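The following exercises are to be worked through with the sequence and the structure at hand. Each task is followed by a solution in steps.

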Amino acid sequence: MLKLLLPLILLPCAAFSQTTPARPAAGSSTICLPVAQAAKVRDSLRMLPVVRREAAAYASAARRYRASADTAQAAYFWQTRSLNGVQHALWEQKAETTRQEVMVKQWKGKARRRGFWNWVTVVSVAALVGVFISH
């Protein structure tokens, strides 16, 4: 007999009623719904935990994606900053190299002049020594 009544209880009837276990304040706490709407409510209530799990999974994935995007953005910022530092260091090195090249040219010019005057001095001393020896 119970086997026969159980399907009848579970089938939606013309007016699905749901009583809330709360204490009735001024009257009965019964909600009457049409069959189609009651079936939709029952399906919604049955799917609610699944939807909550999916929403939590989507929220978790969104947090992970946001964290990875923040990490990538920070890495890009630091990479750009270090690249600017390297470019600045390269510019300073180029300026220092140019200064050193100018100094080398100056010293080479001084050395050439000194070498010329040394040669002139040696030749003139040798000529004077030759003149003194020959007289």
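**Exercise 1.** Determine whether arginine 66 is buried, partly exposed or exposed in this predicted model, and describe its salt bridge.

*Solution.* Step 1: the relative accessibility of arginine 66 is 52%. Step 2: the class "exposed" begins over 50%, so arginine 66 counts as exposed. Step 3: the side chain of arginine 66 meets that of aspartate 70 in a salt bridge, with 3.4 Å from N to O. Step 4: both residues belong to helix α2 and lie four residues apart, about one turn of the helix. Step 5: aspartate 70, with a relative accessible area of 36%, is partly exposed.

**Exercise 2.** State how many salt bridges the model contains, and characterise the pair of arginine 46 and aspartate 43.

*Solution.* Step 1: the count comes to three salt bridges. Step 2: in one of them, the side chains of arginine 46 and aspartate 43 meet at 3.0 Å, N to O. Step 3: these two residues are three apart in helix α2, so about one helical turn separates them. Step 4: arginine 46 has a relative accessible area of 52% and is therefore exposed, whereas aspartate 43, at 40%, counts as partly exposed.

**Exercise 3.** Describe the salt bridge between glutamate 96 and arginine 99, and classify the exposure of each partner.

*Solution.* Step 1: the N to O distance between the two side chains is 2.6 Å. Step 2: glutamate 96 and arginine 99 are three residues apart in helix α2, which means a separation of about one helical turn. Step 3: glutamate 96 is partly exposed at 34% relative accessibility. Step 4: arginine 99 is also partly exposed, at 47%.

**Exercise 4.** Find the aromatic pairs of the structure and give the geometry of each.

*Solution.* Step 1: a search of the whole structure yields two aromatic pairs. Step 2: phenylalanine 77 pairs with tryptophan 78, with 5.3 Å between the centres and 75° between the planes. Step 3: phenylalanine 116 pairs with tryptophan 117, with 5.3 Å centre to centre and 70° between the planes. Step 4: planes over 60 degrees apart count as edge-to-face, and this describes the pair of phenylalanine 77 and tryptophan 78 as well as that of phenylalanine 116 and tryptophan 117. Step 5: phenylalanine 77 is partly exposed, at 47% relative accessible area.

**Exercise 5.** Identify the residues of the nonpolar surface patch that includes Trp119, and assess their exposure.

*Solution.* Step 1: the patch is formed by Phe116, Trp117, Trp119 and Val123, which together have about 490 Å² of accessible area. Step 2: phenylalanine 116 is partly exposed at 44% relative accessibility. Step 3: tryptophan 117 is exposed, at 53%. Step 4: tryptophan 119 is exposed too, at 56%, and is found in helix α2, residues 35-134.

**Exercise 6.** Which ring does the charged end of lysine 110 sit over?

*Solution.* The ring is that of tryptophan 107, and the charged end lies 4.7 Å from its centre.

**Exercise 7.** Summarise the elements of the protein chain and its surface.

*Solution.* Step 1: the chain has two helices and two strands, in the order α-β-β-α from the N terminus on. Step 2: buried residues make up 3% of the 135 residues. Step 3: the accessible surface comes to about 12,300 Å², and carbon and sulfur atoms account for 68% of this surface.

Notes: Residues numbered from 1 in each chain as written. Predicted model: local features only at pLDDT ≥ 70, side-chain atom pairs only at ≥ 80, totals over all residues. Heavy atoms only, no water. Phe/Tyr/Trp six-rings, centres within 6.5 Å; stacked < 30°, edge-to-face > 60°. Buried < 20%, exposed > 50% of the residue type's maximum accessible area, 1.4 Å probe, protein only. Lys NZ or Arg CZ within 6 Å of the ring centre and 35° of its normal. Patch = residues over 30% accessible without salt bridge, like charges linked within 9 Å, V, L, I, M, F, W, Y side chains within 5 Å. Areas by Shrake-Rupley, 256 points an atom, 1.4 Å probe, with all protein chains shown as cover. Salt bridge = Lys/Arg side-chain N within 4 Å of Asp/Glu carboxyl O.
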